[in-house]
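This report examines a protein model one part at a time. Please keep the sequence and the structure in view while reading.

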Amino acid sequence: MFTNLRAITMTSILALGVFTAPASAEDIKIGVISILEGAFAALGQDGIRGAELAVAEAGGEVAGNKIEVITMSSDASPDSAVNAARKLIEQDGVDIIVGPLSGSEGLALRDLSKSYPAVTFLNGSSAAQDTTLRDSSDNFFRFGGDGAQWMAGVGNYAHDDLGYQKVAVVAEDYSFPYTQVLGFMTEFCAAGGSVPDKFWTPIGTKDYSSVVYSIPSDVDAIFVALGGADAVNFLTQYNQAGGDKPIIGGSITIDQSILDSEGPFKKQLIGAPAGTPTVSDLDGTEWKAFTASYTEHFPDGFTAPSIFAHHYYMSAHAAVLALEEVKGDLSGDQAAFRAALSDLQFVTPTGGTMRLDENRNGIVDNFVTEVFEREDGTLGNRVVKIISDVDQSLGQDPSAFLAQGPVSRDNPSCP
Amino acid sequence: MTFFLIVTLNGLTLAALYFLAASGFTLIFGLMRTVNMAHGALLLLGGYVGFEVAKTTGIWPLAILGGGLAAALVGAIIQFGILGRFQGDELRQTLASIALSIIMADLMLWFWGGITYQVAMPDALAGGFRLPLLGVGYATIRLVLIAFAIVVGIALWLVIAKTRLGAIIRAGVDDREMLRALGFDVAKIFVVVFALGGLLAGMAGVVAASALSISPGTDLQFLLSSLVVVIVGGMGSVGGAALGALLIGLAEQYGLAYAPTYGVVFTFAIMVLVLAVRPQGLLGRSEA
């Protein structure tokens, strides 16, 4: 009986040993984390498409090494992103992680990346400022901008071209909108404008009516940094209450899905400016090629890649390019691979040149768009300005920019 | 002062919506002791169907009816086909209804996608008008919402207090075994009540989709608010649902207006207080 038990134990240990043996060195595993549940599911799915597109364009392999893509869902909360990353690293043994989607998830994965120095993290579309600006991590890369970079040009446009002096802010209460508001206010306040009131509302607020009536009546416009359903709810209720101030949009406030939704509030959006790194119907050869490749690979996707597909694509594309450069060599805690990533330069789908700063954050091109009415009565966004080479300190001296302190509800402030 | 009155009015309109959502929930609980966690999913389903009806026919009252009937039908099927099998085993019913809510939410996400829907309303309701005395614009639909909730509340009270079905329901709330012993087909009555609860949830969904909007996640929001409302008001009491909705709606709006970041704390502070002082709810009867 006892010998039998021992034999079983020995066999089990041997079997375990077989299963935990390192995966074949030729396979490179990329884990992709995106939000595939709840309100962001459709957008999160598009992020996955972006990452898969980059791998598919490389033929699914790099220098003879097969690339395996494993996806995991998070739910926009930091702990869900951390759990997804842990599962990918410890159970699936991924070498590279692409993701996550949302701002506070990015901060959590940045912190997690410090405990896994052998894994390289490439940010998906999360755009909180401090993910890379403060307390950055050596193995966390962001081939894209933060929410402040995505607002570059809008503050100046609102003040100089549209003549707004006083703007109230309505935004969701978490790290990404904080960063967007900072991007807008940095320019707008420097140009001489003032922001007397900021309203931070919880994500998923249905009823904004009391916020609507709190907005001071002497402002020239309202900067709205809300996403998806929140934006539709706020804009509808503002319109119903008889509000007539012009709107300035954040990067995910006035996207095509909102312009396609029904409601009388849409008329109010015509002419509204917004800042974004991704313009769905951009008129450029690189973007057209990117869109064609996207629709060819994903006939059931959106009509054009979203901001999420665009950013997941850039990160996965960067990983593929750097892997090609080192011929798939991930030895020595991926040192050569990371060096290649840091020095990488490539042409982005929007026609700019992507490269990283010393915090491993992208230096990007940004677009100021405005809503216009197409001939058939539908609404679209068109580019009014391109701001090239936007870095994370928004063109200011980096140390002076850092000295302004971390972004929060009350920082920056110019009442 | 104007601002305070406006916020109060906002609180009343939100309370009306919460009452519509919670009344069906509390009705089902009162009779069957089933915490129907699929209530939010029924509400969202009603909203989506209402949207489709409004888009096809362009008639708003028909959308409310259509959404209500669709949710009533699904509610009846849920009780008849699944929950009825576990009658008397409330924990298992509750767990099954959680599973149903997740399945329904994913099916709806698959069918209607992740985008936001608003039900198109007739022009008379879609806009706003200037309130007399206060001199500010106010959304017409929100005032209609209060009227609608009052009408539904009175209708529900009439059904429960004055009709034969109401008498049976009240008898069932008091003593199910006795009702069964008297020869009533309790299983059939349960299906009818579940359908009635679904009808209320579905109509609330269409109204919510008109006044606010619906998207994936709306189901959980209204399930949570319904839970809070009936915990505060008292499980199984329609009057309690009205009182609970009033408290929660006002607390949420005052919170949003005067302390936006911490608004949600007020809601749960009320709940904690009620649970500490009067665990059966303000108008609830304690279990003997």
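What kind of unit do β7(A), helix α6 and β8(A) make? In this predicted model, the strand β7(A), the helix α6 (residues 175-190) of chain A and the strand β8(A) make a right-handed β-α-β unit.

The two strands of this unit can be described further. Strand β7 covers residues 167-172 of chain A, runs parallel to β8(A) and is joined to β8(A) by 4 bridges. In one of the pairings, Ala171(A) has Trp200(A) of β8(A) as its bridge partner.

In a regular strand, side chains alternate between the two faces of the sheet. Strand β8 (residues 198-201) of chain A shows such an alternation. Phe199(A) and Thr201(A) point to one face and are buried, whereas Lys198(A) and Trp200(A) point to the other face and are not buried.

**Domains of chain A**

Chain A is divided into domain 1 (28-145 + 283-360) and domain 2 (149-276 + 365-403). The centres of these two domains, taken over C-alpha atoms, are separated by 27 Å. Where the domains touch, domain 1 of chain A contributes 16 residues and domain 2 of chain A contributes 18 residues. On the side of domain 1, helix α4 (residues 103-113) of chain A gives the largest share, 3 residues. That side of domain 1 has 6 nonpolar, 9 polar and 1 charged residues.

**Contact between the chains**

How many residues does each chain bring to the contact between chain B and chain A? Chain B brings 31 residues and chain A brings 32 residues. On the side of chain B, the elements that give two or more residues are α1 (2-32), β2 (137-139) and α11 (238-258). Helix α1(B) supplies the largest share of that side, 5 residues. By class, the side of chain B that touches chain A holds 17 nonpolar and 14 polar residues, with no charged residues.

**Annotated regions of chain B**

An unreviewed UniProt entry lists residues 6-28, 59-83, 95-115, 135-160, 186-214, 220-248 and 255-277 of chain B under "transmembrane region". Two of these spans are set out below, with the helix and strand content of each in the model and the distance between the end C-alpha atoms.

| Span of chain B | Helix | Strand | Distance between end C-alpha atoms |
|---|---|---|---|
| Residues 95-115 | 86% | 0% | 28 Å |
| Residues 255-277 | 83% | 0% | 22 Å |

How values were computed: Residues are numbered from 1 along each chain as its sequence is written. Chains are lettered from A and ligands numbered from 1 in the order in which they are written. This is a predicted model: local features need pLDDT of at least 70, side-chain atom pairs count only at pLDDT 80 or more; totals for chains, interfaces and linings use all residues. Two residues are in contact if their C-beta atoms, placed from the backbone, lie within 7 Å. Ala, Val, Leu, Ile, Met, Phe, Trp, Tyr, Cys and Pro count as nonpolar, Asp, Glu, Lys and Arg as charged, and the others, Gly among them, as polar. A residue is buried if 20 or more other C-beta atoms lie within 10 Å of its own, exposed if 12 or fewer, and partly exposed in between; C-beta atoms are placed from the backbone. Two strands pair if DSSP finds at least two bridges between them. A crossover is right-handed if, with the strands pointing away from the viewer, the path from the first strand over the helix to the second runs clockwise. Domain bounds come from an automatic or database domain assignment. UniProt positions are given in the numbering used here, feature names are shortened, and annotations may be inferred rather than shown by experiment.
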